[in-house]
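Q: I'm new to reading protein structures and would like a close look at one single part. Could you walk me through it step by step?

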Amino acid sequence: MAGGNERSMKALKEVWRRAENSLCADCGKPDPDWASSTLGVFICLSCSGIHRNIPSISKVKSLKMDHWDDAQVQFLAKHGNAVTKATYEAHIPIYYYQPTYNDCQVLREQWIRAKYERKEFTKPGKQLPYSDGVKEGILWKRGRDNGQFLPRKFFLSEREGCLKYFTKQDAKEPKINVKIDVINATFQPVKIGNPNGLQITYLKDNKTRNIFVYHESGKIKNRLTRNFLKEGYMEKTGPKDAFAKGEVFVGSRENGYSVQKGLPSGTQGNFSWHYGLTIVTPDREYLFTCETETDQLDWIAAFTSVINQAMTPQEYAIEAYFKFKS
């Protein structure tokens, strides 16, 4: 009996050590130490909790603490993350945001349920429940002045290419009407104070605007684009002619944009933080300071990621607007 257990554990460790199984199959977190004995995927502790909520689909066990019999180990060996992903992630729409371990619980849960419970990505051309071109419903929106959340009707139309919201149920004209191609959405449970909080960012007159909403049931799962690369605080130093609300356009390296560690020699100013960085644009330099060296390096990495990407036609238009305003 003991010998059988030892053989199973040895075989389990061999499958576990495969490169394909070194990251969580659902969120990408390194070194997963749980697995689904019915799906054949290796997952992290956090995602295993979500799997437990769908017991008819997934049975999870600890790779370190639970016993695995020969049949279960053979099933893992036959499947693993690569084989299972090839089935359940075969046809993910290009617009679908795939969350990581840094994302909130509700986003990761919808992703896991979409894959394994609803099997939304197993067949090509499958009509997804949120891809019929229209979504209408009530979201609780935070007021701009008093911070109070009130119910508002939102309407998202692929055919019209816009997002609208109405202050009253029977209102004929929307409060806003925003083109989809200038919208980004990201879950923000901490900032909004609700596990189903969503921050909708859009451009109006080439300036950034935000709408903060949440859904009572957590069924916000429309077409998210991408999360913010970095969000936080820096001190602004240097000339006081920056754009309204501190907006700075950051383009690509091939168009003359770069980020540098530290501030130019001889920089003067009253700032309390001492870890500086410089954003270089074709027209001028923007000087910022961070509270810690870790913040400084994180911001530089985020700016570098943006600068290394080619600019889109829309971004060229925004860049032209910023130059016109300067």
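Q: About how much space lies in the second largest cavity, and which residues line the second largest cavity?

A: Happy to look at this with you! Please keep in mind that this is a predicted model. A search of the whole structure turns up two cavities of 30 Å³ or more. The second largest cavity holds about 30 Å³ of space.

Let's start with its walls. The residues lining the second largest cavity are Ala25, Val41, Thr84, Lys85, Tyr88, Glu89, Lys115 and Tyr116. Sorted by class, this lining has four nonpolar, one polar and three charged residues. Two helices, H4 (80-88) and H5 (105-117), each give at least two residues to the lining. The largest share comes from H4, with three residues.

Now let's turn to helix H4 itself. Its buried residues are Gly80, Asn81, Thr84 and Tyr88. They sit on the same side of H4, because they cover an arc of only 115° around the axis. Two names may look familiar here: Thr84 and Tyr88 are also among the residues that line the second largest cavity.

What lies over the buried residues of H4? The cover includes strand S2 (42-43), helix H3 (70-78) and helix H5. So H5 comes up in both parts of the story: it supplies at least two lining residues, and it is part of what covers the buried residues of H4.

Helix H3 has details of its own at each end. At its N-terminal end, Asp69 acts as a cap, with a side-chain oxygen 3.2 Å from the backbone nitrogen of Ala71. Just after H3 comes Gly80, which has a positive phi of about 80°. Gly80 is also one of the buried residues of H4.

Past helix H5, there is another backbone angle to look at. Most residues other than glycine have a negative phi. Lys119 is not a glycine, yet its phi is positive, about 50°. You can find Lys119 in the loop between H5 and strand S4 (134-142). With a relative accessible area of 41%, Lys119 counts as partly exposed.

Asp31 gives you a second example of this kind, with a positive phi near 60° in a residue other than glycine. Asp31 lies in the loop between helix H1 (2-16) and strand S1 (34-36). Its relative accessible area is 65%, so Asp31 is exposed.

Definitions and conventions: Residues numbered from 1 in each chain as written. Predicted model: local features only at pLDDT ≥ 70, side-chain atom pairs only at ≥ 80, totals over all residues. Heavy atoms only, no water. 1 Å grid on protein atoms, 1.4 Å probe; cavity = no way out; pocket = protein on both sides within 12 Å on 5 of 7 lines; lining within 4 Å. Points joined across faces, edges and corners; volume = space filled by probe spheres on them. Helix = DSSP H or I, 4+ residues; strand = E, 2+ residues; numbered from the N terminus. Nonpolar A, V, L, I, M, F, W, Y, C, P; charged D, E, K, R; others polar. Buried < 20%, exposed > 50% of the residue type's maximum accessible area, 1.4 Å probe, protein only. Arc of directions from axis to C-beta. Contact = heavy atoms within 4.5 Å. Polar contact = N/O pair within 3.5 Å; in protein donor to acceptor, adjacent residues only side chain to side chain.
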